[in-house]
Amino acid sequence: MNTAANDAIIVGVNADFPNVNAIYANEKALLEGTAAASLLERKPMLNFNTFQCSTNREAERIVNKYVRGIRELDTQPMFMTVQTNETSTELVKRIPALGDLPLVRIHSVEPSNLLSVLDWQRIVVRRIIKHYFNSFIYLHDYVEVSRYLRIPLGNIPADLSLFAADLFYARNLCRHGYVLWASPTSRPDLGGKELDDCRIGADWNSLCVSEQPVA
């Protein structure tokens, strides 16, 4: 969705999404008068274009062309919000145009029974539109968090509490002269010798619990 150009696309693979504009207007009307309404002061109406594709590759080309068009027409600073289970690397590999924009991930989990109804197309459209509205609320919170933690907006993880605790702890260690390391395991990075036994004594035995024979 491009709020600056007042348009949006929905691309489906072997699926038809009818009455998108009507569903959007209905969902927007439900938010009037709520606390979230002040965060949703954008264009009064989005013009949706739907595309039906037979393969994922075809859908990816349409999205890639749309994102590239946004980047070429608007020279203002911008970022892209994404909601996906894929990593950013995998997503950019399939849609290269996303690599030209900062990506801010919206951490929201879909219910497992979302598609277990007959009119799942309508449910999917409603979820897409709700995620669009909710993204402004998420972004408002993310901006406050990024200012408080002093981190880029796109670096906010799903487990915010644990991340914040680790971040403050690491910064406190650095202020007191400790050296931090980054390695794929729980052992420190010792220049490629993480698995070597660096203990002073070579006669140490690992602690273990063994079952004692029953008398």
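**Exercise 1. Decide whether Glu60 is buried or exposed, and find what it pairs with.**

*Solution.* Start with the accessibility: Glu60 has a relative accessible area of 11%, so it is buried, the cut-off for that class being under 20%. Keep in mind as you work that this is a predicted model.

Next, place the residue: Glu60 sits in helix H2, which covers residues 56-73. Setting aside neighbours within four places in sequence, its contacts are Arg94 and Ile95.

Now look at the charges. Side chains of opposite charge can pair when their charged atoms come close. Here the side chains of Glu60 and Arg94 form a salt bridge, with 2.4 Å from N to O. Because Glu60 belongs to helix H2 and Arg94 to helix H3 (residues 88-94), this pair ties together parts that are 34 residues apart in sequence.

**Exercise 2. Work out which residues are linked with Glu60 in a network of salt bridges.**

*Solution.* Begin at Arg94, which is partly exposed at 29% relative accessible area. Arg94 also meets the side chain of Glu86 in a salt bridge of 2.5 Å, N to O. Glu86 is partly exposed too, with a relative accessibility of 23%. Adding Arg57 completes the picture: Arg57, Glu60, Glu86 and Arg94 are linked in a network of salt bridges. The structure as a whole holds seven salt bridges.

For a contrasting case, try Arg147 and Glu144, whose closest N and O atoms are 3.8 Å apart in a salt bridge. Both residues lie in helix H4, three residues apart, or about one turn of the helix. An α-helix has 3.6 residues a turn, so residues three or four places apart point the same way. Arg147 is exposed at 60%, while Glu144 is partly exposed at 42%.

**Exercise 3. Find how the buried residues of H1 are arranged and what covers them.**

*Solution.* First list them: the buried residues of H1 are Val20, Ile23, Tyr24, Glu27 and Lys28. Viewed down the axis of H1, these residues fall within an arc of 130°, so they line one face of the helix. Their cover includes S1, strand S2 (47-53) and H4.

Then zoom in on Val20. Beyond its neighbours within four places in sequence, Val20 is in contact with Ile10, Phe48, Thr50, Val125 and Ile129.

**Exercise 4. Identify which element supplies the largest share of the largest nonpolar core.**

*Solution.* This core has 15 residues, and those with the most contacts inside it are Phe17, Val20, Tyr24, Phe48, Val125, Ile129 and Tyr132. Strand S1 (7-13), helix H1 (20-30) and H4 each supply at least two of its residues. The largest share, six residues, comes from H4. There is also a second, separate core of ten residues, with Ile106, Val145, Ile151 and Ile156 among them.

**Exercise 5. Check the length of helix H5 against its expected span.**

*Solution.* H5 runs over residues 160-175, which makes 16 residues. At 1.5 Å a residue, the helix should span 22 Å, and its end C-alpha atoms are 22 Å apart, so the two values agree.

Now add its surroundings. Ala164, Leu167 and Leu173 are the buried residues of H5, and their cover includes helix H4 (120-149). Just after H5, Gly177 takes a positive phi of about 85°.

**Exercise 6. Give the order of the elements along the protein chain.**

*Solution.* Count first: the chain has five helices and four strands. From the N terminus on, they run β-α-β-α-β-α-β-α-α.

Note on methods:
Residues are numbered from 1 along each chain as its sequence is written. This is a predicted model: local features need pLDDT of at least 70, side-chain atom pairs count only at pLDDT 80 or more; totals for chains, interfaces and linings use all residues. Side-chain values use heavy atoms; hydrogens and water are left out. The expected span of a helix is 1.5 Å times one less than its number of residues. Buried means under 20% relative accessible area, exposed over 50%, partly exposed in between (1.4 Å probe, protein chains only). Contact means heavy atoms within 4.5 Å. A nonpolar core is a set of buried Ala, Val, Leu, Ile, Met, Phe, Trp, Tyr and Cys residues joined through side-chain atoms within 4.5 Å. The arc is that of the directions from the helix axis to the C-beta atoms. A salt bridge is a side-chain nitrogen of Lys or Arg within 4 Å of a carboxyl oxygen of Asp or Glu.
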